[in-house]
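Okay, thanks everyone, let me put this one up on the screen. I'll talk you through what caught my eye.

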Amino acid sequence: MLKLYNTIGREITEFKPIEDGKVSIYCCGPTVYNFAHIGNLRTYFFEDILVKTLKLNGFNIKHCMNITDVGHLTDDGDDGEDKMIKASREKGMDVYDIAKFFEKAFFEDTQKLNILKPNIICQATKHIGDMIKLVKGLEEKGFTYISNGNVYFNTTKFQDYGLMAGLDKQDLNFGTSTELDEAKQNPQDFVLWFTNSKFENQAMQWNSPWGKGYPGWHLECSAMSLKYLGDHFDIHCGGVDHVNIHHTNEIAQTEAYTGKKWVNRWLHGEFLVNKTGKMSKSKDGFLTLNTLIDKGYKALDYRYFLLGAHYRSQLTFSWEALDAGKSALKGIRSRVQSLMKESEVFNINKISDKAAKYKTDFENHINDDLNTPRCLADLWDLLKDKEVSSGEKLAVIEYMDKILSLDLLVAEKELCTDPELLALLDKRNIARGNKDYKSADEIRAQLLTKGWIIKDSPTGSSLERV
RNA sequence: GGCGCUGUACCCAAGUGGUAAGGGAGUAGUCUGCAAAACUAUCAUUCACCGGUUCAAAUCCGGUCGGCGCCUCCA
């Protein structure tokens with residue numbers, strides 16, 4: 001039985017899809033005006049675990065994600081502007097090219113992390129018409145007003161405003177950190193359509209019944225999810241920061257528009273934090289996946305690190321913690337590689353009860369609101385169990401890796417097959433046998449300059465790529 | 001200020017009222033010409049602190065102190 005948390009009601013309950021065997025899921029995607037940092041990527045990782053767990057439970061998944069490629073792009077007040085944007089502009093790329101560039105970079109990152117690509121990916125700029133239709137519908141139903149040139153959503157007209165976030169219990173601090181928008185009738189109202197931009201040089205603008213302008217930022221998720229997943233679907237996810245504002249407003253405008261319940265279950269991924277707080281592009285410590293790779297880590301080392309914490313807990317990033325993940329993954333790999341030398345992968349349906357217990361434990365743990373840390377512990381226990389045969393272990397590990405996605409059964413190290421180099425290795429081992437260690441070490445150094453490292457083991461020597 | 005989350009070993013981190021998962025690091029040992037790896041063992045009488053409930057509390061309740069997040073674009 002799959003149990004998942006629901007931000008609505010703040011409780012873990014059994015997951016039941018609207019339609020038997022099928023799940024529709026919408027995930028808030030990236031804003032593509034900069035590289036994703038490793039904190040952003042944590043959320044997509046969590047959604048990947050969710051999607052794969054649903055698949056493991058036999059569901060057919062319709063997985064939709066938006067690309068926010070509208071807005072933000074001419075806001076030069078942002079101190080953290082990436083050099084790439086500047087470079088792109090200097091090269092004369094327009095905002096659409098910039099968006100495309102970072103969208104591509106985003107999917108390169110997620111691919112490196114073995115994150116499945118959603119089967120529906122939708123760009124906001126390609127759905128302006130759908131957004132306008134939504135605003136028109138809201139206008140007809142009387143949920144909007146126009147003020148200072150912009151179309152606003154009147155939150156007091158929507159009865160359950162802020163229900164999921166529990167805003168009624170919160171004494172919100174309006175306007176303490178930013179100036180209040182004087183044009184709003186209520187502090188929580190939000191813009192559906194801008195014609196009077198706060199950025200003077202807004203690069204992307206479209207014609208609309210209210211004049212030339214651009215959509216408010218909550219609008220895209222409502223419009224596109226309605227289009228691709230319908231007016232009632234199973235799961236909507238995103239980062240925790242979206243609970244109070246973004247998702248609250250999405251619910252308000254969508255349910256006001258359709259007049260019915262929209263999303264059954266909301267899941268929110270917690271933040272990756274530094275010692276100094278959350279990772280953000282305006283602070284030091286803005287790390288991208290490529291920064292990690294440049295420092296000698298593999299993308300999957302980072303994935304292992306993420307698996308070690310539950311998605312609803314904040315996770316503290318440190319190099320020491322990442323090193324721990326790297327070493328652990330290396331240890332698993334080396335054990336799995338020896339298993340593969342000993343045996344073929346057994347058929348998962350024909351394994352002993354003892355081995356099957358690990359499979360069941362793993363399923364129970366992942367189905368328990370995605371408890372990946374427990375799943376890793378199951379993997380380690382299996383690896384260390386002396387009563388389970390190598391082939392059975394491999395079968396269960398292969399199964400676990402459907403969720404973990406660490407490429408555990410893929411031979412990681414490239415082994416040398418070049419006869420010339422292997423002859424050198426033989427020569428070195430002969431020298432070694434004759435206790436001629438000087439020559440042996442010279443050959444080792446020679447091989448190293450060619451990019452190969454000698455690994456001696458009780459069963460013989462081999463050459464691996466550095 | 002309000003709301004939410006949180007405080008578990010040197011580090012990261014699970015934990016369903018029944019006596020502290022797992023990983024990393026460390027330590028000891030095996031192996032070893034060296035290097036690397038591997039393997040074995042070991043590693044919290046205790047869960048921020050103080051009270052309470054209970055036969056039994058890391059888990060429940062109250063209080064104190066600390067951390068993080070949201071209330072602004074944000075994963």
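Let me fix one term before anything else: helices (H or I, at least four residues) and strands (E, at least two) are DSSP runs, numbered from the N terminus. Ground rules next: this is a predicted model, so local features need pLDDT of at least 70 and side-chain atom pairs count only at pLDDT 80 or more, while totals for chains, interfaces and linings use all residues. Residues are numbered from 1 along each chain as its sequence is written, chains are lettered from A and ligands numbered from 1 in the order in which they are written, and side-chain values use heavy atoms, with hydrogens and water left out.

Right, helix 14. Helix 14 covers residues 437-449, and both lysine 438 and glutamate 442 sit in it, 4 residues apart, about one turn of the helix. Those two form a salt bridge, with 3.7 Å between the closest N and O atoms. By salt bridge I mean a side-chain nitrogen of Lys or Arg within 4 Å of a carboxyl oxygen of Asp or Glu. The general idea is that side chains of opposite charge can pair when their charged atoms come close.

For accessibility, buried means under 20% relative accessible area, exposed over 50%, and partly exposed in between (1.4 Å probe, protein chains only). Lysine 438 counts as exposed because its relative accessibility is 64%, and glutamate 442 is partly exposed at 46%.

There's a second pair on that helix: aspartate 441 and arginine 444 meet in a salt bridge, 3.3 Å from N to O. They are 3 residues apart in helix 14, so about one helical turn separates them. Both are partly exposed, aspartate 441 at 41% and arginine 444 at 38%.

How many salt bridges does the structure hold? The count is 14. One that reaches further along the chain joins glutamate 387 and lysine 354, at 3.9 Å, N to O. Glutamate 387 is in the loop between helix 11 (372-384) and helix 12 (390-404), and lysine 354 is in helix 10 (residues 353-366), so this pair ties together parts 33 residues apart in sequence. Glutamate 387 is exposed, with 64% relative accessibility, whereas lysine 354 is partly exposed at 38%.

Now the RNA. What surrounds RNA strand B? There are 57 residues around it, and the closest are Trp217, Gly239, Lys278, Lys384 and Arg444. Of the atoms of RNA strand B that come within 4 Å of the protein, sugar and phosphate account for 65%. When I say a residue is near a strand, I mean that one of its heavy atoms lies within 4 Å of it.

Which helix gives the most to that surface? Helix 9 (residues 319-342) does, with 7 residues. By class, the surface near RNA strand B splits into 18 nonpolar, 23 polar and 16 charged residues. For those classes, Ala, Val, Leu, Ile, Met, Phe, Trp, Tyr, Cys and Pro count as nonpolar, Asp, Glu, Lys and Arg as charged, and the others, Gly among them, as polar.

A few atom pairs are worth zooming in on. Leucine 272 has a backbone N or O atom 3.0 Å from a base nitrogen of RNA strand B. Lysine 169 puts a backbone N or O atom 3.2 Å from a sugar or linking oxygen of the strand. With tyrosine 437 it's a polar side-chain atom, 3.3 Å from a sugar or linking oxygen of RNA strand B.

Next, a couple of backbone oddities. As a reminder, most residues other than glycine have a negative phi. Arginine 10 has a positive phi, near 50°, and is found in the loop between strand 1 (3-6) and strand 2 (11-14). At 45% relative accessibility, arginine 10 is partly exposed. Asparagine 114 also has a positive phi, near 60°, and lies in the loop between helix 3 (95-112) and strand 5 (120-123). At 22%, asparagine 114 counts as partly exposed.

Last stop, arginine 303. This residue is in helix 8 (residues 299-307), and is it buried or exposed? Arginine 303 is buried, with a relative accessible area of 0%. From arginine 303 to lysine 350 is 47 residues in sequence and 30 Å in space, C-alpha to C-alpha.

Note on methods
A polar contact is a pair of N or O atoms within 3.5 Å; within protein, one must be able to donate a hydrogen and the other to accept it, and residues adjacent in sequence count only if both atoms are side-chain atoms.
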